[in-house]
Amino acid sequence: MSGPVRSSIAPRTARRAEAFGRSPWTFIDQFMDLHPDLIYFGNGAPASELYPVERLRAAAETSWSDMSAATLDYGELKGYKPLRELIARRMADQGFAVAAEDLLVTFGSQQGIDIASRLFLDPGDLLLTEGPTYIGAMQAFDAYEPRYLQIPVDEEGMDLDLAEQMVAEAGQTPKMIYVIPNFQNPTGVTMSDARRDRLIALAEHWNAVILEDDPYGEFWYDNPPPHRLRQRSDRVIYLGTFSKTIAPGLRVGWMTLPHDLMGLALMAKESSEVNGVRDITRTVYAAADGFLDDHVQEARAFYASRRTAIVDALAEFMPEGVSWTHPGGGFFVWVTLPAGLTASALLPIAARHGVGFLPGRFFYPAADGEDTSLRLSFSVLSNERIREGIKRLGAAIAEAETA
């Protein structure tokens with residue numbers, strides 16, 4: 001008996017399958033072995049030494065000891081109610097009143113981006129984002145085939161004068177506006193209070209929904225950021241996550257929606273994962289309850305030291321013509337290179353000097369945006385490694401300028 005006939009199904013894949021190819025890692029990985037002690041500024045994760053492993057282990061034991069057969073059945077589509085109540089209490093303490101019934105627990109904020117995309121984006125719809133913006137968000141959006149309109153950012157966030165102009169030129173109003181207003185990924189910039197109000201007004205004018213992604217808002221180092229967009233309007237879908245405050249591998253986040261959208265969001269969520277992971281959401285609740293506020297406060301001081309280390313090192317070692325953002329929180333600094341240099345061309349030179357980063361072009365649709373900037377993440381590196389890495393980067397830029 002002969003074996004199965006080999007054939008390719010690639011020509012039969014959906015058009016959206018091409019969207020899943022967006023990733024900078026295959027480009028970057030080819031340079032990671034060029035130095036035996038490479039200092040990598042591309043990792044945007046929290047510092048692993050802050051992961052409360054022992055507390056999570058004890059919380060997991062507690063969650064399983066309280067588990068019953070009924071708990072392991074279907075249901076609980078919105079997520080574990082005590083966890084939703086804890087989220088609501090913490091948000092209220094931050095001046096953000098939301099009912100537990102208006103919270104939906106998600107697999108990190110990434111699932112929230114996907115749910116919002118399912119609800120609002122048809123192929124060809126105009127999607128307004130900051131330019132540059134978060135790689136993972138574009139990976140989610142791409143599958144729904146929007147038409148991107150990326151608005152440059154300055155020290156106050158998205159340039160809304162330019163946004164109005166570009167929307168008028170597009171001949172189409174945006175259906176969704178995606179923003180990371182607090183310590184944005186990748187630039188580290190925070191949207192000013194005045195621009196938040198104006199963005200709400202523009203969304204009203206355009207009849208657009210705002211998707212507010214806020215993974216870094218609790219990690220402010222100088223002053224708390226302005227009130228969230230969701231605090232100003234129910235036109236906003238708000239995304240939060242425990243990935244940065246506890247650990248990313250847990251994959252637990254949440255979203256708040258306009259009340260009349262909750263039913264649709266529940267159905268969108270159910271169609272992909274039915275009812276979440278019971279033991280993990282209970283573990284996060286048991287670990288966070290009575291602990292997370294103090295943990296975040298300690299983490300602020302920890303990351304603030306690393307933020308100071310990187311901006312001080314940049315001031316010391318960057319050649320003339322290099323500029324960078326000065327983040328008041330979060331994990332990232334955005335560095336702009338002198339005229340004539342691109343980040344993608346600089347990366348192999350930098351890797352030979354022992355330093356790696358993410359080139360700026362990957363933070364634009366189809367990785368074809370401007371490449372004169374690069375993202376540096378300071379969250380996972382010690383102050384000593386940060387200083388040494390920036391020293392190496394400065395040397396690499398100097399070499400590239402003379403090449």
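A residue counts as buried under 20% relative accessible area, as exposed over 50%, and as partly exposed in between. The exercises below apply this rule and others to a predicted model.

**Exercise 1. A salt bridge between two loops**

Task: Determine whether Lys-175 is buried, partly exposed or exposed, and state which parts of the chain its salt bridge with Asp-122 ties together.

Solution.
- Step 1. The relative accessibility of Lys-175 is 30%, so this residue counts as partly exposed.
- Step 2. Asp-122 has a relative accessible area of 44%, and therefore it is partly exposed.
- Step 3. A salt bridge requires a side-chain nitrogen of Lys or Arg within 4 Å of a carboxyl oxygen of Asp or Glu. The side chains of Lys-175 and Asp-122 meet at 3.3 Å, N to O, in a salt bridge.
- Step 4. Lys-175 belongs to the loop between helix H6 (160–170) and strand S6 (176–179), and Asp-122 to the loop between helix H4 (108–120) and strand S3 (126–131), so the pair ties together parts that are 53 residues apart in sequence.

**Exercise 2. Further salt bridges**

Task: State how many salt bridges the whole structure holds, and describe the one formed by Arg-387 and Glu-316.

Solution.
- Step 1. A search of the whole structure yields 25 salt bridges.
- Step 2. In one of them, the side chains of Arg-387 and Glu-316 meet at 2.6 Å, N to O.
- Step 3. This pair links distant parts of the chain: Arg-387 is in helix H12 (residues 383–402) and Glu-316 in helix H10, 71 residues apart.
- Step 4. Arg-387 has a relative accessible area of 41% and is partly exposed; Glu-316, with 47%, is partly exposed.
- Step 5. Salt bridges may also form a network, as they do among Asp-37, Arg-385, Glu-388 and Arg-392.

**Exercise 3. A buried charge**

Task: Asp-102 is buried; state which side chain of opposite charge is nearest, and whether Asp-102 is with or without a salt bridge.

Solution.
- Step 1. Asp-102 lies in the loop between helix H3 (81–93) and strand S2 (103–106).
- Step 2. The nearest side chain of opposite charge is that of Lys-78, 5.7 Å away. The cut-off for a salt bridge is 4 Å, so Asp-102 has no salt bridge although it is buried.
- Step 3. Not counting residues up to four places away in sequence, Asp-102 touches Met-255, Thr-256, Leu-257, His-259 and Met-262.

**Exercise 4. Strand S9 in its sheet**

Task: Name the strands that pair with strand S9, and state which way its side chains point.

Solution.
- Step 1. The open sheet of 8 strands has the order S2-S9-S8-S7-S6-S3-S4-S5, with mixed pairing. Its edge strands are S2 and strand S5 (157–158), each of which pairs on one side only.
- Step 2. S2 pairs with S9 in the antiparallel sense over 4 bridges, and Leu-103 stands opposite Thr-256.
- Step 3. S8 and S9 are likewise antiparallel, over 4 bridges, with Tyr-238 opposite Thr-256.
- Step 4. In a regular strand, side chains alternate between the two faces of the sheet. In strand S9 (residues 253–256), Gly-253 and Met-255 point one way, whereas Trp-254 and Thr-256 point the other way; all are buried.

**Exercise 5. An aromatic cluster**

Task: Classify the aromatic pairs Tyr-216 with Phe-332 and Tyr-303 with Phe-331, and name the cluster that ring pairs form.

Solution.
- Step 1. The structure holds 14 aromatic pairs. The planes of Tyr-216 and Phe-332 are 85° apart, with 5.5 Å centre to centre; planes over 60 degrees apart count as edge-to-face, so this pair is edge-to-face.
- Step 2. Tyr-216, in the loop between strand S7 (209–213) and strand S8 (236–241), is 116 residues from Phe-332 in strand S11 (residues 332–336). Both residues are buried.
- Step 3. Tyr-303 and Phe-331 have 50° between the planes and 4.8 Å centre to centre, and the pair is tilted. Tyr-303 is in helix H10 (residues 292–317), while Phe-331 is in the loop between strand S10 (323–324) and S11.
- Step 4. Tyr-303 has a relative accessible area of 1% and Phe-331 has 0%, so both count as buried.
- Step 5. Ring pairs link Tyr-216, Phe-219, Phe-302, Tyr-303, Phe-331 and Phe-332 into a cluster.
- Step 6. Ser-377 of strand S14 (residues 373–377) is in contact with residues including Phe-331 and Phe-332.

Note on methods
Residues numbered from 1 in each chain as written. Predicted model: local features only at pLDDT ≥ 70, side-chain atom pairs only at ≥ 80, totals over all residues. Heavy atoms only, no water. Phe/Tyr/Trp six-rings, centres within 6.5 Å; stacked < 30°, edge-to-face > 60°. Buried < 20%, exposed > 50% of the residue type's maximum accessible area, 1.4 Å probe, protein only. Lys, Arg positive; Asp, Glu negative; His and termini not counted. Contact = heavy atoms within 4.5 Å. Pairing = 2+ DSSP bridges.
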